[in-house]
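Here are a few short exercises to work through with the model open beside you. Try each task before reading its solution.

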Amino acid sequence: MKHIYIFFSFVFVLHILSVFYPSTTLSYVLGSLSLIILLISFWHASRLFQTLAGGFLAIGIFLFFFADLRVLEVIPFLGENISLLTLLAVLPWMNSVVHAGRFDRLMSKILKGNVKHLGSLYRRSTTTMMALTAFLNVSSATIARDVLADNLKSVKERTANQFIMMVTLRGYSLALAWSPLEVLLAMSIFITGVSFSSLLPWMIGITLLMYILDSLWGNWFFKKVPYVDTNSSSEPINLREIRPKLIQLSIALISFLLLVILFGNVFDMEFIFIVTLLVFPFACIWAWSMKRWRSFWKVGFSNWKSSVNNMHNFNILFISLALFTNTLNASPFLDWIQQPILAVADYPILLLILIQIFFVLMSMFGVHPIATMGILGGMSGLLMEILSPMSLAVILVVSGVATVPIGTYGLVVTIISMSLKQSPYLITLYNLIYSFVFGLFGILLAYYLI
C-alpha cells in the first residue's frame, strides 16, 4: 500500500475539478470512487475507527430500507464529505514548512529555562502550545511533551506528569477553536454555512478568555513548585536571537488568516475549499521567502506521501458518516430522533446543554468529536430552526474542542498517556474542570447569539 496515495490524490484532484465544473456525472464518479476508498481503507484502519464506521454503515444501510431512496441515489451521497478528506490531505504541507523553517526548534528554545517556578513555565508552555498547534496540530503535543519531560527532571515525577498532562492538552485545545487548519472548525462551518470571518472574532474572544483564566489558575497552582533547570545542554534564552523568528511566525499566521477571510469574502466558495486551495501555495511561498525551499520540498513530499498513505481512519469515518446522515434525513426515523429536540424547543439553553453533554458522553466512549459533530449535522436543519446558524456553529466548535482534553481514547490523550505511562482516565480527571468551564462559556456565548 506504499503507493495508494496516488489513487487517493487522484480522487481529491477530481473533487477539486468537480467544484469548478460541477456535473451529475462527476458526482456519481466521486461517489463510486469513495466506495472504493472505503473498501480499501476499512481493513487498514484502527479497530476503534472500524467500529465507528461499521456502526454508521450498518445504521445507514438499515435506514435506507425505510427511506424513499433508490440505490443509484445513494452513490453520490458517499462522496459528499470528500472535501474534508481533501483538506486533511494537504495539511502536511503546512506542517512541513514549519519544520523546514525550524520553528519547532524555536518553540523548544522558548520552553527552556529562565523561570523561577512552574507557574511561570505554565503560562509560557500554554502560549507556545497554542502557537505551535496552529500549524503543527498533533505534532505540537509530541514536541512539547519531549521538551517538558527533559526540562522537568528536577521536579517530582507525579508533579511533572500532572504539569505535562494539563499544559499540553489545554494549550492544544485553545488553538483548535480558531485555527483555519482545524477540521472541527471547518466542519462546523460546513454544517451551519456561517462565514469564517464572522465566526472568527467570537472564537478568538472565547479562546482569549479561557487562556487568561487558565494561565492565572496555572500560575497560582504551580507557583509553589520551584523550577531548577538541570539540563546542562540548555542555554539561556536570547530574546534578540529568537525575536525575528517569532515575528516571522506571527506574520505568517496572521497573513494566512487574512487570506482565508479575503478569499471567503471575494469568491463564492466554501470555507473548506478555500483553505484547501491556499495551504500548498502559501506553504511554498513561505518556504521560498525563508530560503528553505529545498528542505521544505524534501521534508514536505515525504510527510505528505506518508500522511495520505495512512489517512485510512478518517477515510472510513467521513464516508460512512455521509451515508448515515443522508439516509437518516430521508427516513421517517428522523422525526423520532427530533422529538427530544422539539421537546426543549422553547428552552434553547437546555438544547445547548444537551448538545454539550452529548459531546462529553460520546468522547468518554471513544467517539471522535468529528463523528459526534457529524451525527448532529444530520439534524442541523431542525437545530437551526431553534438556534441561529452562528449559535449552532459556536456550540459545535466549543463542545468539540472542550472535549479534546478529556477524550479518554482521543489521539492526543493517547499519545500523552502512552509516553508518560499514565492512565488516560487520569488525564481526563486532571482536565475535567477545565473542559467544563470551557463548555460552559461556549453555552453562554451560543445562547447570547441565538
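**Exercise 1.** In this predicted model, find how far apart the mean positions of the positive and negative charges of the chain lie.

*Solution.* Start by counting: the chain has 26 positive and 17 negative charges. Then take the mean position of each set; the two are 19 Å apart.

**Exercise 2.** Decide how the chain's radius of gyration relates to the globule rule.

*Solution.* Begin with the secondary structure: 22 helices and zero strands. For 450 residues the globule rule gives 22 Å, and the radius of gyration of the chain is 22 Å, close to that value, so the chain is as compact as a globular protein of that length. As a further step, look at burial, where 56% of the 450 residues count as buried.

**Exercise 3.** Classify the aromatic pair of tryptophan 93 and phenylalanine 296, and say which helices hold its two members.

*Solution.* A pair of aromatic rings is described by the distance of the centres and the angle of the planes. Here the centres are 5.8 Å apart and the planes make 55°, a tilted pair. Tryptophan 93 sits in helix H5 and phenylalanine 296 in helix H14, so the pair ties together parts 203 residues apart in sequence. Both residues are buried.

**Exercise 4.** Do the same for tyrosine 122 and phenylalanine 163.

*Solution.* The ring centres are 5.8 Å apart and the planes stand at 85°; angles over 60 degrees count as edge-to-face, so this pair is edge-to-face. Tyrosine 122 belongs to helix H7 and phenylalanine 163 to helix H9, so parts 41 residues apart in sequence are tied together. Tyrosine 122 and phenylalanine 163 are both buried.

Definitions and conventions
Residues are numbered from 1 along each chain as its sequence is written. This is a predicted model: local features need pLDDT of at least 70, side-chain atom pairs count only at pLDDT 80 or more; totals for chains, interfaces and linings use all residues. Side-chain values use heavy atoms; hydrogens and water are left out. Helices (H or I, at least four residues) and strands (E, at least two) are DSSP runs, numbered from the N terminus. The radius of gyration is taken over C-alpha atoms; the globule rule is 2.2 Å times the number of residues to the power 0.38. Buried means under 20% relative accessible area, exposed over 50%, partly exposed in between (1.4 Å probe, protein chains only). Lys and Arg count as positive and Asp and Glu as negative; His and the chain ends are not counted. The place of a charge is taken as NZ of Lys, CZ of Arg, CG of Asp or CD of Glu. Rings of Phe, Tyr and Trp (its six-membered ring) pair if their centres lie within 6.5 Å; planes under 30 degrees apart count as stacked, over 60 as edge-to-face and the rest as tilted.
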